[in-house]
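The following exercises concern strand pairing and aromatic contacts. Each task is followed by a solution in steps.

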Amino acid sequence: MDLLIGSHVGMSGKEMLLGSVKEAISYGATTFMFYTGAPQNTRRKPVSELRVDEAKALMAEHNINMDTVVVHAPYIINLANTVKPETFELAVSFLKEEIARCEEIGAKILVLHPGSHVKAGEEAGLESIIKGLNEAMTDIDQLHIALETMAGKGSELGRTFDELAYIIDHCDYKDHLGLCLDTCHLNDTGYDINNWDAILDEVDDKIGLERVLAVHVNDSKNPIGAHKDRHENIGYGTIGFDALNAVVHNERLKNVPKILETPYIDKKAPYKDEIDMFRTQTFHEIKDLND
């Protein structure tokens with residue numbers, strides 16, 4: 001099986017999801033991640049306008065399996081907010097809609113930021129996330145929600161595996177919940193990516209390794225434990241190429257999609273070069289992008 005790796009890709013213009021697949025193919029990707037609309041707002045086109053069937057046909061031609069494609073929920077969903085009831089209600093209703101959209105598209109993995117408690121306290125925030133998931137997931141079918149590991153900036157929750165385990169264990173729909181491990185976030189919250197197997201051991205002990213549904217592969221601009229969440233290009237940050245290469249090629253997560261979310265360089269996507277680095281397991285400077 002080829003390395004299961006890809007990146008975030010866009011979805012806009014006339015081609016919509018078909019364009020997303022073409023972009024992923026241009027990077028040499030075997031999977032990809034997309035948003036069903038802009039991550040900062042609730043405006044969404046009907047699924048019927050996303051050219052899903054054409055996208056799936058092109059995916060089949062290039063051996064990209066829809067089961068491994070990742071959708072990312074919009075950032076505006078904050079299930080942990082107990083300070084503003086209207087924010088919580090919006091989060092629940094929009095997550096419910098996003099679940100329905102993913103089911104209609106045929107996606108199986110939806111990555112979700114757990115949320116921020118907005119100074120109401122961790123306990124209140126965690127209970128609010130559980131309540132919100134229970135309300136939003138009533139019609140869930142084939143989809144699994146991957147709670148993302150967070151960097152712990154501000155009042156973010158999901159910064160430790162204990163917090164994530166608590167959410168999963170207390171949710172009525174725990175069979176549909178899993179994890180998305182983000183290497184930059186884990187570094188910034190205090191985990192040493194050089195000890196990846198030790199991290200996986202902790203995940204396995206507290207949550208179960210089978211619940212890891214996706215890995216976001218990002219270098220970090222910050223030292224370990226900085227709690228800042230600033231992604232860096234592969235090999236140019238404080239984690240480094242060797243540690244991230246070991247993450248990507250770890251046999252324990254061989255069948256889990258690895259997704260790059262690294263910054264553009266001179267307004268150009270670096271993903272073709274970064275994917276090539278991991279395929280060849282050799283770091284090289286990123287110079288002439290998209291030649």
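Two strands pair if DSSP finds at least two bridges between them. Helices (H or I, at least four residues) and strands (E, at least two) are DSSP runs, numbered from the N terminus. The model is predicted, so local features need pLDDT of at least 70 and side-chain atom pairs count only at pLDDT 80 or more, whereas totals for chains, interfaces and linings use all residues. Residues are numbered from 1 along each chain as its sequence is written, and side-chain values use heavy atoms, with hydrogens and water left out.

**Exercise 1.** Determine which strands pair with strand 6, and in which sense.

*Solution.*
1. Strand 5 (residues 144-148) pairs with strand 6 over four bridges, in the parallel sense. Within this pairing, Ile145 has Leu177 of strand 6 as its bridge partner.
2. The connection from strand 5 to strand 6 passes through helix 5 (residues 161-170), and this β-α-β crossover is right-handed (with the strands pointing away from the viewer, the path from the first strand over the helix to the second runs clockwise).
3. Strand 7 (residues 212-217) also runs parallel to strand 6, joined to it by four bridges. Here Cys180 stands opposite Ala214 of strand 7.

**Exercise 2.** Establish whether the residues of strand 6 are buried or exposed, and which way they point.

*Solution.*
1. Apply the cut-offs: buried means under 20% relative accessible area, exposed over 50%, and partly exposed in between (1.4 Å probe, protein chains only).
2. Six of the six residues of strand 6 (residues 177-182) are buried.
3. Leu177, Leu179 and Leu181 point one way, while Gly178, Cys180 and Asp182 point the other way. Both sets are buried.

**Exercise 3.** Characterise the aromatic pairs Phe32 with Phe34 and Phe241 with Phe283.

*Solution.*
1. Rings of Phe, Tyr and Trp (its six-membered ring) pair if their centres lie within 6.5 Å; planes under 30 degrees apart count as stacked, over 60 as edge-to-face and the rest as tilted. The whole structure holds eight such pairs.
2. Phe32 and Phe34 are 6.0 Å apart, centre to centre, with 40° between the planes, and are tilted. Phe32 is buried because its relative accessibility is 0%, and Phe34 is buried because its relative accessibility is 0%.
3. Phe241 and Phe283 are tilted as well, at 6.0 Å centre to centre and 50° between the planes. Phe241 lies in helix 8 (residues 241-248) and Phe283 in the segment after helix 9 (271-280), so the pair ties together parts 42 residues apart in sequence.
4. Phe241 is buried at 8% relative accessibility, whereas Phe283 is partly exposed at 34%.
5. Tyr236, Phe241, Phe278 and Phe283 form one aromatic cluster.
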